[in-house]
Amino acid sequence: MKHKLLGRTGVQVSQLCFGTMSFGGDADEATSAAMYKVVRDAGINFFDTANEYNKGVSEEILGRLAKEHRNDLVITTKVNAQIRPDLNARGTSRRHMVEAIEGCLRRLQTDRIDVLFLHRYDALVPIEESMRGLEDLVRAGKVIYPAVSNWSAWQTQRAVDLQERNNWARLQVIQPMYSLVKRQAEVEILPMAEHNGIGVIPYSPAAAGLLSGKYFGQASGRLKTNKMYEARYGEEWAFETAEKYVALCKAKGLHPVSAAIAWVAAHPAITAPIIGARNLDQLKDSLASVDVAMTPELRKEIADLSRTPPPATDRLEEQKAAR
């Protein structure tokens, strides 16, 4: 397991980040503990969770597992989701952040969060209000590095500009969706991150299992039973791309999950793809991604199987001329 610098923080993190969304949900505590041991033994020191994952149970389990060696780990979590019935117990207002962070610290059994993500953009709250909320938490010593997840490039750039103007702690990490069938981040999000020296830890590099090939034929799973994932990946072209991709992997002797993660990791803007699993069998293929020789030629061959998003200006003739 190699390590990379996280944004401009000077902190070194493993080339894979382990996402614990399954902890307390698809993975019970015993399975979670077994996976945690395997990824730690593999050299992973970077863990991602959120206060809404399984209603806080993910944070609780990770907190118990990490307690004895907390200082060896870089832990991220997220706030935004409604944490109790009150209508103000949600979003990215300074008021809600102050409340939400206390629950995160308690569940994770720690005195600080290494990286705190605002989980989604909150259209009801001005960006300067949210950034001042993150600054308050940094000054209070409860958060070390501010971050955002699922924000657009313009929203993120606006936040960075406000932070620099006010001499506030700046965003150091973003967490977008990115995979062979979700490449919108290539247009503006990843170039913006590179320009600003922001770390990128993308989620769903295997497209929620679509790129594993398990959804072909009559197989069932969350892409066919969960409306959110069905809407996200349900278009026919995505399944066609996945089928061609799995066939290519088979021809080259690659495991499709391992190669999908390696493909994401090979983009120069990426710090560490987030891998996740429901059990140890799934986990081993994700960990094996670090052994895939993802050459520029192989990455292009795989990329050519999917739709390349148009450039931000829609000047397609320039994109074609550059190939």
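In which helix does leucine 298 lie? Leucine 298 lies in helix α12, which covers residues 296–303. The legends below describe close-up views of a predicted model.

**Figure 1. The whole chain, with its 13 helices and 10 strands.** The radius of gyration of the chain is 19 Å, close to the 20 Å that the globule rule gives for 323 residues, so the chain is as compact as a globular protein of that length. Along the principal axes, the C-alpha atoms fill a box of roughly 55 × 50 × 35 Å. Of the 323 residues, 53% count as buried. When contacts between residues at least 6 apart in sequence are taken, 75% of them join residues at least 24 apart. The accessible surface comes to about 14900 Å², and carbon and sulfur atoms account for 49% of this surface. The chain carries 42 positive and 39 negative side chains, and the centres of these two sets lie 1 Å apart.

**Figure 2. Helix α5, residues 153–166.** This helix has 14 residues. From its first C-alpha to its last, α5 reaches 20 Å, close to the 20 Å expected at 1.5 Å a residue. An α-helix has 3.6 residues a turn, so residues three or four places apart point the same way. The buried residues of α5 are Ala153, Gln155, Thr156, Ala159, Val160, Leu162 and Gln163. Their cover includes two helices, α4 (127–139) and α6 (189–196), and two strands, β7 (143–149) and β8 (173–175). After α5 comes asparagine 167, which has a positive phi, near 60°.

**Figure 3. Aspartate 161 in helix α5.** Aspartate 161 has a relative accessible area of 34% and is therefore partly exposed, as this value lies between the 20% limit for buried and the 50% limit for exposed. Aspartate 285 is 124 residues away from aspartate 161 in sequence. In space, the C-alpha atoms of aspartate 161 and aspartate 285 are 40 Å apart.

**Figure 4. Leucine 298 in helix α12.** Leucine 298 has a relative accessibility of 11% and so counts as buried. Residues up to four places away in sequence aside, leucine 298 touches Lys252, Leu254 and Ala293. Tryptophan 263 is 35 residues from leucine 298 in sequence, and the distance between their C-alpha atoms is 8.7 Å.

**Figure 5. Serine 179 in the loop between β8 and α6.** Is serine 179 buried or exposed? Its relative accessibility is 0%, so serine 179 counts as buried. Not counting neighbours within four places in sequence, serine 179 is in contact with Ser204, Pro205, Ala207, Leu211, Trp263 and Val264. The elements on either side of this loop, β8 and α6, are also among those that cover the buried residues of α5.

**Figure 6. Serine 58 in helix α2, residues 57–66.** Serine 58 counts as buried because its relative accessibility is 0%. Which residues does serine 58 contact, leaving aside neighbours within four places in sequence? They are Thr20, Met21, Phe23, Thr49 and Tyr53.

Notes:
Residues are numbered from 1 along each chain as its sequence is written. This is a predicted model: local features need pLDDT of at least 70, side-chain atom pairs count only at pLDDT 80 or more; totals for chains, interfaces and linings use all residues. Side-chain values use heavy atoms; hydrogens and water are left out. Helices (H or I, at least four residues) and strands (E, at least two) are DSSP runs, numbered from the N terminus. The expected span of a helix is 1.5 Å times one less than its number of residues. Buried means under 20% relative accessible area, exposed over 50%, partly exposed in between (1.4 Å probe, protein chains only). Contact means heavy atoms within 4.5 Å. The radius of gyration is taken over C-alpha atoms; the globule rule is 2.2 Å times the number of residues to the power 0.38. Accessible areas come from the Shrake-Rupley method with a 1.4 Å probe; for residues, only the protein chains shown count as cover. Lys and Arg count as positive and Asp and Glu as negative; His and the chain ends are not counted. The place of a charge is taken as NZ of Lys, CZ of Arg, CG of Asp or CD of Glu.
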